[in-house]
Amino acid sequence: MEKKLIYTGKTKDVFALDNGNYLLKFKDDCTGKDGVFDPGENSIGLSIEGVGDVNLRMTEYFFNKINAAGIKTHFVKANFDDTTMEVLPAKVFGHGLEVICRYKAVGSFFRRYGEYIEEGADLPAYVEMTFKNDAKGDPLVIKDALIDLNIMSGEQYDKIKAMTKDITKIVADDMKSKGLDLYDIKFEFGYDANGDVMLIDEIASGNMRVYKDGKYIDPMTLSKLFFA
């Protein structure tokens with residue numbers, strides 16, 4: 001099948017296929033700083049052999065589970081021989097939106113609201129959204145702004161929020177079965193030609209904060225534990 005490179009990303013390249021779908025090529029490049037892996041960084045800091053493969057394997061594993069639960073995603077199939085994933089076409093909201101679901105008050109949430117809550121306190125699957133904008137530090141955005149800026153409808157927002165909670169529970173339950181505790185996770189959503197919301201991008205260890213026995217597990221170790 002013919003493929004045409006249309007976008008070179010930090011951790012994935014995107015190709016257009018002649019059947020109307022797209023192909024995501026997972027790379028071994030990682031975000032970080034000064035040669036240290038950091039999923040929160042906005043620039044490529046290093047390359048770790050095999051990262052693309054484990055990210056694709058975890059993504060394929062969870063997208064299959066999510067599809068089986070009747071939740072719409074862009075996933076079609078994965079090819080581990082060339083570290084690629086075929087996906088359905090989808091438009092992103094605005095210039096890209098990240099959706100975070102939080103079970104614990106850690107990270108940027110605690111930095112913002114620490115005077116009102118203890119670090120590590122339980123949260124009720126709290127959902128927040130941020131614009132993908134490195135220069136502005138990925139600013140938070142509320143439902144009213146998304147609607148008033150014509151980025152999404154109120155119905156789409158409510159759908160994304162409900163889907164986020166359902167998907168997070170699938171991931172968290174799976175982690176729990178392996179003795180791991182999911183604290184928070186970030187997703188990306190898009191929509192198809194009919195305006196129907198779907199989960200897009202990936203579900204990999206670098207997109208979640210996971211603990212074991214109260215200790216943070218770095219993404220590379222998490223991938224190894226997950227597939228052990």
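Where is the place of Asn150, in terms of helix H3 and H4? In this predicted model, Asn150 sits in the loop between helix H3 (143-148) and H4. Its phi is near 60°, a positive value in a residue other than glycine. Most residues other than glycine have a negative phi. Asn150 is exposed, with a relative accessible area of 70%.

**Positive phi elsewhere**

Asp213 also has a positive phi without being glycine, near 55°. Asp213 belongs to the loop between strand S15 (208-212) and strand S16 (215-217). With a relative accessible area of 69%, Asp213 is exposed, because the cut-off for that class is over 50%. A glycine, Gly179, takes a positive phi of about 80° just after H4.

**The nonpolar core and helix H4**

The largest nonpolar core has 44 residues. Met129, Ile167, Phe189, Ile203 and Met208 are those with the most contacts inside it. Helix H4 (residues 154-177) gives the most to this core, with eight residues. In soluble globular proteins, nonpolar side chains tend to be buried together.

Met208 can be followed further through its contacts. Leaving aside neighbours within four places in sequence, Met208 is in contact with Met58, Val171, Met175, Leu182, Asp184, Ile185, Ile203 and Leu222. Of these partners, Ile203 is itself among the residues with the most contacts inside the core.

The length of H4 can be checked against its residue count. At 1.5 Å a residue, the 24 residues of H4 should span 34 Å; the end C-alpha atoms are 35 Å apart, so the two values agree.

**Packing of helix H1**

The axes of helix H1 (residues 51-68) and H4 come within 10 Å and cross at roughly 125°. H1 is therefore oblique to H4. The crossing of H1 past H4 is right-handed. On the H1 side the contact is made by Tyr61, Phe62, Lys65 and Ile66. On the H4 side it is made by Ile167, Ile170, Val171, Asp174 and Met175. Ile167 is also one of the residues with the most contacts inside the core, and Val171 and Met175 also touch Met208.

H1 meets helix H5 (residues 219-226) as well. Here the axes come within 11 Å and cross at roughly 55°, which means that H1 is oblique to H5. H1 passes H5 in a left-handed crossing. From H1, the residues involved are Val51, Val54, Met58, Tyr61 and Phe62, and they meet Met220, Ser223 and Phe226 in H5. Tyr61 and Phe62 of H1 thus take part in the contact with H4 and in the contact with H5. Met58, which meets H5, is also in contact with Met208.

**Loop residues and a strand residue**

Where is Asp201 found, and is Asp201 buried or exposed? Asp201 lies in the loop between strand S14 (197-200) and S15. At 18% relative accessibility Asp201 counts as buried, because the limit for that class is under 20%. Not counting residues up to four places away in sequence, Asp201 touches Lys12, Leu24, Thr59, Phe63, His74, Met85 and Glu188.

Leu88 is found in the loop between strand S8 (84-87) and strand S9 (91-92). Leu88 is partly exposed, with a relative accessible area of 31%. Beyond residues up to four places away in sequence, Leu88 touches Asn21, Thr73, His74 and Val76. His74 is therefore touched by Asp201 as well as by Leu88.

Asp218 lies in the loop between S16 and H5 and is partly exposed, with a relative accessible area of 34%. Gly45 lies in strand S6 (residues 44-47); Gly45 is partly exposed, at 27% relative accessible area.

The table sets out C-alpha separations for these four residues.

| Pair | Separation along the chain | C-alpha distance |
|---|---|---|
| Gly45 and Asp29 | 16 residues | 7.7 Å |
| Leu88 and Asp192 | 104 residues | 8.4 Å |
| Asp201 and Leu24 | 177 residues | 8.7 Å |
| Asp218 and Ile151 | 67 residues | 34 Å |

Leu24 appears in the table with Asp201, and Leu24 is also one of the residues that Asp201 touches.

Key:
Residues numbered from 1 in each chain as written. Heavy atoms only, no water. Core = buried A, V, L, I, M, F, W, Y, C linked by side-chain atoms within 4.5 Å. Buried < 20%, exposed > 50% of the residue type's maximum accessible area, 1.4 Å probe, protein only. Helix = DSSP H or I, 4+ residues; strand = E, 2+ residues; numbered from the N terminus. Contact = heavy atoms within 4.5 Å. Expected span 1.5 Å × (residues − 1). Axes fitted to C-alpha atoms, helices over the stretch in contact; angles between N-to-C directions. Parallel < 35°, antiparallel > 145°, perpendicular 65-115°, else oblique. Left-handed = near helix turned anticlockwise from the far one by under 90°.
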